[in-house]
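Me: Could you take a close look at one part of this protein for me, the sheets and what packs around them? I'd enjoy a connected walk-through.

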Amino acid sequence: MDPFEDTLQRLRKAFSSGQTRAAAFRMAQLEGLGRFLQENKQLLQDALAQDLHKSPFESDISEIILCQNEVDMALKNLQAWMKDEAVSTNLFTKLSSAFIRKEPFGLVLIIAPWNYPVNLTLVPLVGAIAAGNCVVLKPSEISKGTEKVLAEVLPRYLDQSCFAVVLGGPEETQQLLEHKFDHILFTGSPRVGKIVMAAAAKHLTPVTLELGGKNPCYIDDNCDPQTVANRVTWYRYFNTGQTCVAPDYVLCSPEMQERLLPALQSAITCFYGDDPKSSPSFGRIINEKHFKRLQGLLQCGRVAIGGQSDEDDRYIAPTVLVDVRETEPVMQEEIFGPILPLVTVRSLDEAIDFINRREKPLALYAFSNSSQVVNQVLNRTSSGSFGGNEGFIYLTLPTLPLGGVGHSGMGRYHGKFSFDTFSHHRACLLAHSRLEKLNEIRYPPYSVRTQQLVSWAMGSQSCTLL
């Protein structure tokens, strides 16, 4: 028996009724989502602490506030986003109305990961609601505390004829993917992304894939080591390194490595104390499976800072590795934990070659007092996003899209980009039912004269002459 059939039929019936298309309905659902965030803030913080040992500070700035900002932006701009967008015409269509209408796709599926289980579930949901879709939410079964809140509490704030939260692990998700959806947004690993894309292809369903990768961080000799260390430390060890856009490894000269190591040690001690394990600001690895994977990566290179671990507590200390070989596992897979390898290069050119030999990352960072160096890295590489002298603070801006390129994903969302992702942009032309005399020029029998006139009428210059 298919556990999802009845739910999906209910949602499709609701969409077919036109219920979700009205601006008033969309706004009511967005307001409900906003109330869910406001009224259950403590519940969400407790769940995130249970799942990831996430501090209230990190829960607020990387999860709850970002979701609320997305809701507020959508409510403020929804009418403008939904409005038909007029486009220019040529002489053939001068008396017609040409415009783009943003229509909902229909029934969309959002598959969320465990590392930011509120943010990466609800931010795309905002866009899907704003665009007028019915939605199936599949939160991660790994972040059990947050999954429970989303499954049991969130539906009370939304119209359950149009929105559903479904549960399960890989087997249930595979079964869910056998059904036809009108759009799928998946956040997770490239390996699973390929499975999602293959399942979607059977139905020709469009996908947005937000995947991971190894995000390089180039540090130039011309910069202050402590300033850079402070920023890199915060971004690398935020959420215990379990962030898809975190700097995954550092590229720098041997000289800068010598200056950077004591600065990194200073920053780690300043942020998390002499014993990071007892710091309320430092989290834990999500589960035993990921803990053991990360423990294996600690065997790569040489531990210069940290390296301590406690399996019972799923704790791995903020760690810096040096003397890492390119072929070692820590440089072959996304780390997704509190481990930072330092790789030495002789020049900026070598660093850029190193980056470009690999798959395109989700994010790329460059630190230098020289804007020319930062711009060289920006201009000569490709990545989903880029930070010059800064980390992933750009995620706080709903005016910037989040999205990968190549191996790190396809499509984008956040703010209006989410609305556009979950909307079909329908090309529309409304012509006059009369004035048929004007159309005779395009009908057979053709002649050289009519061909010349039609060519002129279709040209871009024809409109400027009127």
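**A close look at the sheets**

Reply: Happy to! Let's begin with one pair of residues: threonine 187 sits opposite glutamate 210, a residue of strand 7. Please keep in mind that this is a predicted model.

That pair belongs to strand 6 (residues 183-187) and strand 7 (residues 207-210), which run parallel and are joined by four bridges. Helix 7 (residues 170-177) packs on this sheet, where it touches strand 3 (107-111), strand 4 (134-138) and strand 6. The direction of helix 7 makes about 160 degrees with that of strand 3.

Stepping back, the sheet is open and has six strands in the order 5-4-3-6-7-17, with mixed pairing. Its edges are strand 5 (163-165) and strand 17 (409-410); each has a single partner strand, so one side of each is left without a neighbour in the sheet.

Now for the other sheet. Seven strands make up this open sheet, ordered 10-13-14-9-8-15-16, and here too the pairing is mixed. Strand 10 (302-305) and strand 16 (385-388) are at the edges with a single partner strand each, so one side of each has no neighbour in the sheet. From one strand to the next, the twist averages 25 degrees.

At the strand 10 edge, three bridges join strand 10 to strand 13 (residues 319-322), and the two run antiparallel. Within strand 13, valine 320 is the residue that stands opposite isoleucine 305. Helix 9 (residues 225-237) packs on this sheet, touching strand 8 (216-219), strand 13, strand 14 (339-344) and strand 15 (363-367). Its direction makes about 135 degrees with that of strand 14.

The nonpolar packing is worth a look as well. The largest nonpolar core has 107 residues, and those with the most contacts inside it are Phe36, Leu122, Leu125 and Ile219. Apart from that core lies another, of 27 residues, including Leu297, Val345, Leu348 and Phe354. As for phenylalanine 36, its contacts beyond four places in sequence are Leu44, Leu122, Val149, Leu150, Val153, Leu154 and Tyr157.

Finally, a charged residue to inspect: glutamate 63, in helix 4 (residues 56-82). Glutamate 63 counts as buried because its relative accessibility is 0%, the cut-off being under 20%. Its side chain reaches the backbone nitrogen of valine 118 at 3.1 Å. Leaving out residues up to four places away in sequence, glutamate 63 touches Leu48, Lys54, Glu58, Asn115, Tyr116, Pro117, Val118 and Asn119.

Conventions:
Residues numbered from 1 in each chain as written. Predicted model: local features only at pLDDT ≥ 70, side-chain atom pairs only at ≥ 80, totals over all residues. Heavy atoms only, no water. Core = buried A, V, L, I, M, F, W, Y, C linked by side-chain atoms within 4.5 Å. Buried < 20%, exposed > 50% of the residue type's maximum accessible area, 1.4 Å probe, protein only. Contact = heavy atoms within 4.5 Å. Polar contact = N/O pair within 3.5 Å; in protein donor to acceptor, adjacent residues only side chain to side chain. Pairing = 2+ DSSP bridges. Axes fitted to C-alpha atoms, helices over the stretch in contact; angles between N-to-C directions.
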